[in-house]
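Reader: I am new to this structure. Could you walk me through it?

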Amino acid sequence: MNLHTMLVGPALLSAGLTVWQWLAGRRFPLHQRTANRGFTPGLTLLKPLKGADAHTAACLRSWLAQDYPGDLQVLFGVADPADPVCELVKRLLAEFPGRNARLVLCPERRGVNAKVAKLVQLQPLAAHDLLVVSDADVLAPPDLLTQLVIPFGAQPDGSARSAHPPTGGAPSTCGPTSPVGLVNCLYRLAGAASAAHRCEAVAVNADFWSQVLQARMLKPQDFALGAVMAVRREALEQIGGFAAFADHLADDYELGHRVARAGWRVELCPVVVDCYDPPRSWGQVWAHQLRWARTIRVCQPGPYFLSLLANGTLWPLLWLATGVAAGNTRAALGGGLTPPVLLAVALLAMRLLVALDLQRRLTGSSARWREGWLVPVKDLLQVGVWAGAFAGRRIEWRGERYRLRRDGRLQRA
């Protein structure tokens, strides 16, 4: 059996996984709102901050301007009083004098993860039993909190549930009848200007969210997406609070995984938020994707290793290239193309169409055909990132270098 024949299986498998990814994205009620029947428990929003960019003011303002009828406490946490974000927060607090919000100094470095270190110091100040954690670069629609709390107030059969979980502790196993312990939501990368940044947007806006939905079809969600996470105080305290993973890089994964392992259900809200990252060059995109890949590889080594099989550009392209090299097609100007070549081209075209459609569904904008070339570029770049994830444990994060341990903990390099 030659190499060209051996690649038929991976090419068709990647195509099947691509179709499954598309179906998972189509089945999920993305962007849909549900009527909130008066369930508006008190919420405490925890916002760890560091630095500010052109989008920070709008992102933070979107949380202070939430159309939420329940009690809302907002705690902004900063480590350094000289951080420029402090003046920005003070101006926003003056803009919303009626909002129960304040700036909290969190100078103690309780763990290697600076974000979680702030959350550790903000947690005791929370006045409510539902805590919402959100990154600084997230811009939220006005009804996000109203939609985010709905899963906490409904039983799996749709009947009402108290804002507080049953006494006696959470169940020992997680299942469809378990009480909801955490609700998170999908996000899209917005404001991408450079070609490198738009290429990274393909990874988030076309693939990442639909792959999350694929995983949810196989088993209950046992991780969280860090853009926005709402967690019960009881569930958080049961797993040891934020301090339990203050040395981990993937704090969102650890929070969701530990809550699920403690027997609580993790739900996904269909409302989508926008994330505004600073513009990145190709080198910065590579470093960011490599850090992300090495994090996922440590958290889920088996699934990440097999994820290469889902690359809808790599395998059909290799199949096509080996067929041409082996002489399995006629000359380009000879007498047309053989069926294997036509099938390989069709698989590549399908991958492009699926990516553009999924990106359109998440972002709500029309597919940009002139940027279709970014899809195969992203897929081929991902091959290098995948290999790099297994080639080392060093990462760069927020200007500092770390070594990623096997258990997911960070160690300063």
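Author: Gladly! This is a predicted model, where local features need pLDDT of at least 70, side-chain atom pairs count only at pLDDT 80 or more, and totals for chains, interfaces and linings use all residues. Residues are numbered from 1 along each chain as its sequence is written, and side-chain values use heavy atoms, leaving out hydrogens and water.

Reader: At about what angle does helix α10 run to β9?

Author: Helices (H or I, at least four residues) and strands (E, at least two) are DSSP runs, numbered from the N terminus. Axes are lines fitted to C-alpha atoms, for helices over the stretch in contact (heavy atoms within 4.5 Å), and angles run from 0 to 180 degrees between N-to-C directions. Helix α10, residues 282–299, lies across β9 and β10, and its angle to β9 is about 125 degrees.

Reader: Which strands stand at the edges of the open sheet?

Author: Strands pair if DSSP finds at least two bridges between them. The sheet has three strands in the order β9-β10-β11, with antiparallel pairing. Each edge strand has a single partner, so one of its sides is left without a neighbour in the sheet; these strands are β9 (394–397) and β11 (410–412).

Reader: What is the bridge partner of Arg 394 in β10?

Author: β9 and β10 (residues 400–404) run antiparallel and are joined by four bridges. In β10, the partner of Arg 394 is Arg 403.

Reader: Is α12 roughly parallel or antiparallel to α13?

Author: Helix α12 (residues 314–325) and helix α13 (residues 339–363) pack at about 155 degrees, with their axes 9 Å apart. Angles under 35 degrees count as roughly parallel, over 145 as roughly antiparallel, 65 to 115 as roughly perpendicular and the rest as oblique. Therefore α12 is, relative to α13, roughly antiparallel.
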